[in-house]
Amino acid sequence: MGKLRNTKAGREIIAVVAYVNETRDTDKAIELARANGIKVVKHHGEDDFEELT
């Protein structure tokens with residue numbers, strides 16, 4: 001993320017990670033994403049997403 005932010009200075013960067021299946025490390029990954037300003041969305045159905053961060 002830092003490298004991307006440096007190359008796109010002056011522009012808003014919104015990184016998003018979408019996932020379907022939870023694993024034992026999902027909570028850890030969500031916390032890491034939050035710490036780095038990455039939005040996380042969970043896919044529930046064809047057009048149904050839930051923003052978690």
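Strands β2 and β3 run antiparallel and are joined by 4 bridges. I start there because the pairing leads into the rest of the sheet, and β1 and β3 (48-51) are its edge strands, each with a single partner, so one side of each has no neighbour in the sheet. Before going on, a caution: this is a predicted model. The average pLDDT of the protein is 81, and 92% of the residues score at least 70.

Back to the sheet. It is open, has 3 strands in the order β1-β2-β3, and its pairing is mixed. Ignoring direction, neighbouring strands in it are turned by 30° against each other on average. One bridge pair to look at is V41, whose partner in β3 is E51.

E51 also appears in a salt bridge. Its partner there is K39, with the closest N and O atoms 3.3 Å apart. This pair links distant parts of the chain, K39 being in strand β2 and E51 in strand β3, 12 residues apart. How exposed are the two residues? K39 has a relative accessible area of 33% and is partly exposed. E51, at 47% relative accessibility, also counts as partly exposed.

Now the helix. Which residues of α2 are buried? In this helix, residues 26-35, they are T26, I30 and A33. They lie on the same side of α2, because the arc they cover around the axis is only 60°. As a reminder of the geometry, an α-helix has 3.6 residues a turn, so residues three or four places apart point the same way.

What covers that buried side? The cover of the buried residues of α2 includes β1 (16-19) and β2 (39-45). On the face turned away from the buried side, α2 carries the exposed residues D27, K28, L32 and A35. After the helix comes G37, which has a positive phi, near 70°.

α2 has a salt bridge of its own. R34 pairs with E31, and their closest N and O atoms are 2.5 Å apart. The two residues are 3 apart in helix α2, which means that about one helical turn separates them. R34 counts as partly exposed, at 42% relative accessibility, and E31 counts as partly exposed at 45%.

How many salt bridges does the model have in total? The count comes to 3. The one I have not yet described is between E22 and K42, where the closest N and O atoms are 2.7 Å apart. This pair, too, links distant parts of the chain: E22 sits in the loop between β1 and α2, K42 sits in strand β2, and they are 20 residues apart. Is K42 buried or exposed? At 16% relative accessibility, K42 counts as buried, because the cut-off for buried is under 20%.

Last, confidence by element. Helix α2 has the highest mean pLDDT among the elements of the protein, at 87, while helix α1, residues 2-7, has the lowest, at 71. Where pLDDT is low, the predicted coordinates should not be read in detail.

To recap: the sheet order is β1-β2-β3, β1 and β2 are among what covers the buried residues of α2, and the salt bridges number 3. When you open the model, begin with T26, I30 and A33 on the buried side of α2, then turn to D27, K28, L32 and A35 on the face pointing away.

Notes: Residues are numbered from 1 along each chain as its sequence is written. This is a predicted model: local features need pLDDT of at least 70, side-chain atom pairs count only at pLDDT 80 or more; totals for chains, interfaces and linings use all residues. Side-chain values use heavy atoms; hydrogens and water are left out. Buried means under 20% relative accessible area, exposed over 50%, partly exposed in between (1.4 Å probe, protein chains only). The arc is that of the directions from the helix axis to the C-beta atoms. Contact means heavy atoms within 4.5 Å. Two strands pair if DSSP finds at least two bridges between them. Axes are lines fitted to C-alpha atoms, for helices over the stretch in contact, and angles run from 0 to 180 degrees between N-to-C directions. A salt bridge is a side-chain nitrogen of Lys or Arg within 4 Å of a carboxyl oxygen of Asp or Glu. pLDDT is the predictor's confidence in each residue, from 0 to 100.
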